[in-house]
Structure formats: C-alpha cells, structure tokens
Amino acid sequence: MKTVLKDYFLPSDYVNRFTDITSDYLKSHDKTAVMIDLDNTLVAFDDPDINDEVIEWIETLQEDGIQVLILSNGRKNRVERFCKDSDLKYIHTARKPAMRGFHKGITELGVKKKAVVMIGDQVMTDVLGANRTGIDSILVLPVKEKDAFVTKFNRRMERRIMKWIADEDLLNWRNY
Ligand SMILES: [Mg+2]
C-alpha cells in the first residue's frame with residue numbers, strides 16, 4: 001500500500017502558495033519549466049480573471065529563464081479568458097490525471113521530463129497525473145474551498161497524504 005501511495009499520490013514537495021515557489025528554488029531542483037494548474041492554484045475556482053500578483057510572479061519566473069504553461073481541466077472559455085492578456089501558453093480541458101495533456105505540455109515547452117515540474121492543488125488530478133507521466137510535482141494549498149462532494153472527498157485525501165508525508169518525512173524529488 002505504501003508503495004502505491006508513494007508512486008502515485010506523493011508530490012515531490014508541498015508549499016502554502018504559488019508565491020512560495022521562486023526561480024532559485026526551481027533551479028536548485030534543475031527545473032527550467034513549470035506547468036501550472038489554474039483553478040484554486042493561481043486564483044479561486046470562481047474567479048474568472050488573472051490578477052497583478054499572478055502576472056508579476058509569472059513574469060519574474062519567465063525573466064529568470066523559467067518557461068510557464070497553464071495546464072487546466074477548465075473549459076476553453078475559462079482558460080482563454082484567464083490567459084488572454086498575457087503571452088502565456090496554455091492547455092484547456094486537459095482531463096488530468098490523464099497523461100495526454102501532460103505529454104502535450106512537455107512537447108509544447110520543448111523540454112525533457114526531468115526539467116519540468118507540475119504545480120497544483122489537487123492530489124487526484126495534478127499530482128497523480130504528474131506521477132503517472134513521470135514528472136515531479138509541487139502541491140499547493142487550495143485558494144478557496146469548493147463546496148462539492150467530490151472536492152470534499154479529494155481534500156480529505158490530500159490532508160491525509162500531507163500528514164503522512166510530514167509524519168514519515170517522505171518528501172522527495174525524483175528527477176525522473
Ligand atoms: Mg485546481
């Protein structure tokens with residue numbers, strides 16, 4: 001059971017917010033590209049627009065040579081609207097944890113798997129998909145709780161996994 005958890009549901013690291021992730025931190029793990037979830041990772045799930053804090057964070061990463069791509073399960077309209085005023089690469093309707101969107105993102109970024117990290121708030125989509133694809137991942141706390149049964153179930157799962165990681169001191173960068 002532990003091996004299954006470790007192989008599929010364990011992120012490489014976890015932080016409170018996306019702003020905790022800096023270029024230096026990414027470079028220290030040999031990452032030159034990030035794929036980022038949108039809903040509840042960068043903004044609340046019901047917030048349609050990008051904001052100055054997100055723009056500034058992304059621009060800083062890009063200036064430091066880190067490539068950025070939004071990898072979202074959100075619909076076309078939602079993701080397009082969010083990205084329209086920046087020159088952000090994006091993939092909508094990604095169907096994470098399916099691997100296809102992850103592979104598509106890696107191809108668009110033009111990097112090797114080991115150079116990219118997935119950043120997201122959900123173990124069941126972002127982390128599981130990253131592990132299945134064979135890339136590192138960073139779990140962040142959700143911006144705003146969604147009042148839906150499935151999400152509630154997922155959150156319970158995430159808290160258990162985070163506690164388990166902390167108890168067992170299991171964080172690890174795999175650099176596949
Ligand atoms: Mg999300």
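This section describes the overall fold, the central sheet, the enclosed elements and the metal site of a predicted model.

The secondary structure of the protein comprises seven helices and six strands, and from the N terminus on these elements follow the succession α-β-α-β-α-β-α-β-α-β-α-β-α. The radius of gyration is 15 Å, which agrees with the value near 16 Å that a compact globule of 176 residues would have. Taken along the principal axes, the C-alpha atoms fill a box of roughly 45 × 35 × 30 Å, and 48% of the 176 residues count as buried. Among the contacts with a separation of 6 or more, 71% are accounted for by residues 24 or more positions apart.

The six strands form an open sheet with parallel pairing, in which the order is S1-S6-S5-S2-S3-S4. Strand S1 (13-15) and strand S4 (89-91) stand at the edges with a single partner strand each, so that one side of each is left without a neighbour in the sheet. Averaged over the sheet and with direction ignored, neighbouring strands are turned by 25° against each other. S1 pairs with strand S6 (residues 136-140) in the parallel sense over three bridges, and within this pairing Asp13 has Ile138 of S6 as its bridge partner. Four bridges join S5 to S6, and these strands likewise run parallel, with Val117 standing opposite Asp136 in S6. S2 and S5 are also parallel and are joined by four bridges, one bridge pair being Val34 and Val117 of S5. Helix H3 lies across S2, strand S3 (67-71) and S5, and runs at about 140° to S3.

Burial was then examined element by element. In S5, five of the five residues are buried, so this strand is largely enclosed by the rest of the structure. Val116, Met118 and Gly120 point one way from S5, whereas Val117 and Ile119 point the other way, and all of them are buried. Helix H6 is likewise largely enclosed by the rest of the structure, because nine of its eleven residues are buried; the buried residues of H6 are Val123, Thr125, Asp126, Val127, Leu128, Gly129, Ala130, Asn131 and Thr133. Just after H6, Gly134 adopts a positive phi of about 95°. Towards the N terminus, Ser12 is located in the loop between helix H1 (2-8) and S1. Because its relative accessibility is 1%, Ser12 counts as buried, and its side chain makes a polar contact of 2.7 Å with the side chain of Asp136.

The model also contains a metal site. The magnesium ion is coordinated by Asp37 (OD), Asp39 (O) and Asp121 (OD), at 2.1 to 2.2 Å, and along the chain these donors follow the spacing D-x1-D-x81-D. Asp39 lies in the loop between strand S2 (33-36) and helix H3 (52-63), while Asp121 lies in the loop between strand S5 (116-120) and helix H6 (123-133), so the pair ties together parts that are 82 residues apart in sequence. Asp121 has a relative accessibility of 1% and therefore counts as buried.

Conventions:
Residues are numbered from 1 along each chain as its sequence is written. This is a predicted model: local features need pLDDT of at least 70, side-chain atom pairs count only at pLDDT 80 or more; totals for chains, interfaces and linings use all residues. Side-chain values use heavy atoms; hydrogens and water are left out. Donors are N, O and S atoms within 2.8 Å of the metal (3.2 Å for Na, K and Ca); water is not among the atoms, so sites may look incomplete. Helices (H or I, at least four residues) and strands (E, at least two) are DSSP runs, numbered from the N terminus. Buried means under 20% relative accessible area, exposed over 50%, partly exposed in between (1.4 Å probe, protein chains only). Two strands pair if DSSP finds at least two bridges between them. Axes are lines fitted to C-alpha atoms, for helices over the stretch in contact, and angles run from 0 to 180 degrees between N-to-C directions. Contact means heavy atoms within 4.5 Å. A polar contact is a pair of N or O atoms within 3.5 Å; within protein, one must be able to donate a hydrogen and the other to accept it, and residues adjacent in sequence count only if both atoms are side-chain atoms. The radius of gyration is taken over C-alpha atoms; the globule rule is 2.2 Å times the number of residues to the power 0.38.
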